[in-house]
Amino acid sequence: MPHLVILYTPNIEAETDLSALCRSLADTMLAHRDEAGKAVFPPGGTRVLAFPAAHHAVSDGGAAGRAAGGSGDYAFVYLNLRMGSGRAPSVVQAVGEALLGVVKQHFEPLLAQRHIGITLQVDEGAPSFDGKYSNLHPLFNKTV
């Protein structure tokens, strides 16, 4: 953890570089520091994954978009950051705002061309079960 999962309507895949968005979001997460200057997220646990929705229906099916002079081909992007509890509320807020800033900048050109909804939600809490198995963390836990 943390895991940032992006679900999106596949009608935007040809219009934006989602791999670049994933990298930018991961880099933003890894660069974020708390009030004491400590990294908020561990490098070995930070993941950003994007998945197209195989099936989708967005809003009214395009009627309002067509009436406004658009194509009516709505798109939607939902981002959910799930992280363990224990961070100060100000840190969670700052992380959310930083990530939303990256998302807004990334999709700015697309928003100028089409109707698109974007939601970023940050959830934190203690899991009921948290099983882990990885050989990634040792790469970042080396002593110098």
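Is Leu136 buried, exposed or partly exposed? Hold on to that one for a moment, everyone, and thanks for coming.

A word before we look around: what you see above is a predicted model. Now, back to the opening question. Leu136 counts as partly exposed, because its relative accessibility is 36%, and the band for that label runs between 20% and 50%. You will find Leu136 in the loop between β4 and α4, the helix at residues 137–140. What does Leu136 touch once residues up to four places away in sequence are set aside? The answer is Gly44 and Arg47. Leu136 and Gly44 are 92 residues apart along the chain, yet their C-alpha atoms are separated by 5.4 Å.

Let's step back and take in the whole chain. There are four helices and four strands, and if you read along the sequence, the pattern goes β-α-β-α-β-α-β-α. The C-alpha atoms fill a box of roughly 60 × 30 × 30 Å along the principal axes. The chain has 144 residues, and buried ones make up 30% of them. Its accessible surface comes to about 8,700 Å², with 55% of that belonging to carbon and sulfur atoms. And here is a number that goes well with our Leu136 example: among contacts between residues at least 6 apart in sequence, 78% join residues at least 24 apart.

Next, the sheet. In what order do the four strands sit? The order is β2-β1-β3-β4, in an open sheet with mixed pairing. The edge strands are β2, residues 47–52, and β4, residues 116–124, each of which pairs on one side only. From one strand to the next, the twist averages 15°. As a reminder for anyone new to this, strands of a sheet pair through backbone hydrogen bonds, and they can do so parallel or antiparallel. In our model, β1 covers residues 3–8 and runs parallel to β2, with six bridges joining the two. If you would like a spot to zoom in on, try Tyr8, which stands opposite Pro52 in β2.

Now the helices that go with the sheet. Helix α1, residues 18–31, lies across β1, β2 and β3, and it runs at about 155° to β1. Helix α3, residues 89–111, packs on the sheet as well, touching β3 and β4, and its direction makes about 160° with that of β4.

Please stay on α3 with me. Where does α3 kink? There is a kink of about 30° at Gln105, shortly before the proline Pro109. Several residues of this helix are buried, among them Val91, Val95, Leu99, Phe107 and Leu110. What covers the buried residues of α3 includes α1, β3 and β4.

Val95 also gives us a handy route to the next stop, Arg33. These two are 62 residues apart in sequence, and 9.1 Å apart in space from C-alpha to C-alpha. Arg33 lies in the loop between α1 and β2. With 43% relative accessibility, Arg33 counts as partly exposed. A polar atom of the Arg33 side chain lies 3.0 Å from the backbone oxygen of Leu30. Leaving out residues up to four places away in sequence, Arg33 touches Lys38, Ala39 and Val40.

Let's return to the sheet for one more residue, Asn80. It is found in strand β3, residues 75–83. Is Asn80 buried or exposed? Asn80 is buried, because its relative accessible area is 14% and the cut-off for buried is under 20%. So who are its contacts, beyond residues up to four places away in sequence? Asn80 touches His3, Leu4 and Val5, and also Gln121 and Asp123. With Gln121 there is a polar pairing to point out: the backbone oxygen of Gln121 lies 3.4 Å from a polar atom of the Asn80 side chain.

My last stop is Ser59, in the loop between β2 and α2, the helix at 63–67. Ser59 has a positive phi of about 55°, although it is not a glycine. Ser59 is exposed, since its relative accessible area is 70% and exposed means over 50%.

That makes three labels to take home: Asn80 is buried, Leu136 is partly exposed and Ser59 is exposed. Thanks for listening, and do have a look around the model yourselves.

Technical notes
Residues are numbered from 1 along each chain as its sequence is written. This is a predicted model: local features need pLDDT of at least 70, side-chain atom pairs count only at pLDDT 80 or more; totals for chains, interfaces and linings use all residues. Side-chain values use heavy atoms; hydrogens and water are left out. Buried means under 20% relative accessible area, exposed over 50%, partly exposed in between (1.4 Å probe, protein chains only). A polar contact is a pair of N or O atoms within 3.5 Å; within protein, one must be able to donate a hydrogen and the other to accept it, and residues adjacent in sequence count only if both atoms are side-chain atoms. Contact means heavy atoms within 4.5 Å. Two strands pair if DSSP finds at least two bridges between them. Axes are lines fitted to C-alpha atoms, for helices over the stretch in contact, and angles run from 0 to 180 degrees between N-to-C directions. Accessible areas come from the Shrake-Rupley method with a 1.4 Å probe; for residues, only the protein chains shown count as cover. The bend at a residue is the angle between axes fitted to the seven residues ending there and the seven starting there.
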